[in-house]
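The following exercises concern a protein and the DNA beside it. Please study the sequence and the structure before reading each solution.

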Protein chains: 2
Amino acid sequence: MTGQVRTVDGRVAGRRGQATRQKLLDCLSEMLSTSPYRDVKVIDVARKAGTSPATFYQYFPDVEGAVLEIAEQMAAEGAQLTALVEGRSWAGKSGWQAAEELVDGFLDFWRRNDAILRVVDLGAAEGDKRFYKIRMKILNSVTNSLSASMQELQAKGRLDKDLSPAAMAGSIVAMLAAVASHQKGFQTWGVKQAELKPNLALLVHLGMTGKKPSK
Amino acid sequence: MTGQVRTVDGRVAGRRGQATRQKLLDCLSEMLSTSPYRDVKVIDVARKAGTSPATFYQYFPDVEGAVLEIAEQMAAEGAQLTALVEGRSWAGKSGWQAAEELVDGFLDFWRRNDAILRVVDLGAAEGDKRFYKIRMKILNSVTNSLSASMQELQAKGRLDKDLSPAAMAGSIVAMLAAVASHQKGFQTWGVKQAELKPNLALLVHLGMTGKKPSK
DNA sequence: TCGGTAAGCTGACGGCATGACAGGACAAGT
DNA sequence: ACTTGTCCTGTCATGCCGTCAGCTTACCGA
C-alpha cells in the first residue's frame, strides 16, 4: 500500500537507513514531550539521535514533515478506539458501562500520546488539511460509531428525532478530546481524575440517550 | 494597579513608544491568524509594522512575551463571558434559553479570537503556567458561575448530590471551548453551524439539570 | 531660545539554525 | 579486489536571532 520508504532525494532506504530514520522519529517524539513545539530544532533532534542535521534532511523535508509521520503512526494505533463503542448497548446498566469505558479508553489514549496530539490539534486548528485529516482519522471512528448508535436509538423511538446524531456525536468526542488534552490542567485546578471520569461518563450517557443512567 | 508600560531595559514608554508597541502587537496578532505559530518570525512582524527587529526587542523579550500580552488583553475582554451565566435561571423555558445563549456567546467569542486562543491553548497544553493562567481567567468565570448554579440546584434537591459541580462545569466548558476551536472543522466535515448549536445547548442543559429541556 | 535629559529607533555584528551538495565510508554481491 | 548503490557527514551560503553602541527626536525647565 504505502510502497517503500524513500529518502527525500528518491533513493530507497535499506535496513540501516530505516533504523536511522526511526531513531530520528523517536528522538523527535521525545523532544516534543519535553519542550515547546516552537522550540524544537532539527539540530537538537539530530544531536540526540547521535547524527547530523544533514542526515535528518535526507529523510524528512522539515520538522513538520517528520511530525506528520509520527502522527500517522499514532493515528494507525488510534483506530482501535472504535472498539470502545462498536457493538455496545446503550440500554440499562450496560449503557452506563459503555459510557465509562469509552471515557476511560479515551483519556488513556490521550495521556499516552499527548505530546503529538497537541501538535496535531494545533495544526488542524490552524487549518492545515494534512493534520486535520489525521485528527479526523482518529476521531472519526469513534464519532461514526456513536452516531450510528444514536441513529439506531432514534429508529427504535428511544431518542428524540429532531437532534442530529452527527452534531451530538461530534460534540461528545470533541469534549472528550478537550478534557483529555487538559487533564493535567484539571488536576492542578483541584479537580481530581477520580471525580472527573464519572462526570464525563454521565455527560456522555446523557448526550447519547437523553436519560440519566441506571447504574 | 499595573503601573506604567515599560521597555525591556526599564525606560517608561511615552505616547510614541506606546503607539509603536501597540502597532507591533496588532501586526503580530494579524500574523498569527495568517500563518502557523511556528513560522511567525520577529523580523516579519517588525517589517509589517514598518520598523526594525531591534525595536521589537525593546518592548518584548521575545515572540512569546508579545503573545502573552495579546492574550492578556483578550482575557480582559473575555471576563464579560460571565454575564452569559450569572443570574440566569435553569428552570423551565428560561433554562433552555440560558443554555442557548451560553453556547451562542461562547462560540462567538471564540470565533472572534480564534488565532490567539489557539496559541494560548497550545501553551497551556504544553504546561506553561502563564498561558494556563490566562486560559483559566477566561474559562474560570464561566466555570465558576455554572458550578455555583449547580450547587444551588443541588441544595434545592433538584439535582443529584453525588456529582461534582466543579468537574461537570469544567467538562461542559472544556467541551464548549473544544467545539468552538474546531468550528471550521465541523463545517468541512458536514455538520452545519445551525444544527451544532442546539445540540450543544442540549448537552449543556442535560449536564446542568440532568433533565431534558422544555422549550 | 537654548541646552539637558530621557525616550525612541536602527545599523551592525557574532552566533546559530537551515537546507543543499559533493564526496567519503560502508556493506553486499561478483 | 572491484563495483555498485546505500548511508552519513563536512562544509558552505543564507537568513534569522538577540544585543549593543550610538544616533535622532521629543519634552521640559531655565
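**Exercises on a predicted model**

**Exercise 1.** Determine how the surface near DNA strand D is divided by residue class.

*Solution.* In this predicted model, the surface near DNA strand D comprises eight nonpolar, seven polar and five charged residues. In total, 20 residues surround the strand. The closest are A:Gly14, A:Thr20, A:Thr51, B:Arg15 and B:Tyr57. Of the atoms of DNA strand D that come within 4 Å of the protein, 69% belong to sugar and phosphate.

**Exercise 2.** Identify which helices each supply at least two residues of the surface near DNA strand D.

*Solution.* In chain A, these are helix 1 (15–34) and helix 3 (53–59). In chain B, they are helix 2 (42–48) and helix 3 (53–59).

**Exercise 3.** Describe the contacts made with phosphate oxygens of DNA strand D by A:Tyr59, B:Tyr57 and B:Ile43.

*Solution.* Begin with the side chains. An N or O atom in the side chain of A:Tyr59 is 2.8 Å from a phosphate oxygen of the strand. For B:Tyr57, a polar side-chain atom lies 2.6 Å from a phosphate oxygen. Turn next to the backbone: an N or O atom of the B:Ile43 backbone lies 3.2 Å from a phosphate oxygen.

**Exercise 4.** Establish what relation connects chain A and chain B.

*Solution.* A turn of 180° and a shift of 0.1 Å along the axis lay chain A on chain B with an RMSD of 0.1 Å. This is therefore the relation of a two-fold axis. The same surface serves both copies, as 100% of the contact residues of chain A recur in chain B. Among the residues of chain A, A:Met175 comes closest to the rotation axis, its C-alpha being at 2.0 Å.

Terms used. Residues numbered from 1 in each chain as written. Chains lettered and ligands numbered in written order. Predicted model: local features only at pLDDT ≥ 70, side-chain atom pairs only at ≥ 80, totals over all residues. Heavy atoms only, no water. Near = heavy atom within 4 Å. Polar contact = N/O pair within 3.5 Å; in protein donor to acceptor, adjacent residues only side chain to side chain. Helix = DSSP H or I, 4+ residues; strand = E, 2+ residues; numbered from the N terminus. Nonpolar A, V, L, I, M, F, W, Y, C, P; charged D, E, K, R; others polar. Least-squares fit on C-alpha atoms with pLDDT ≥ 70 in both. Contact = heavy atoms within 4.5 Å.
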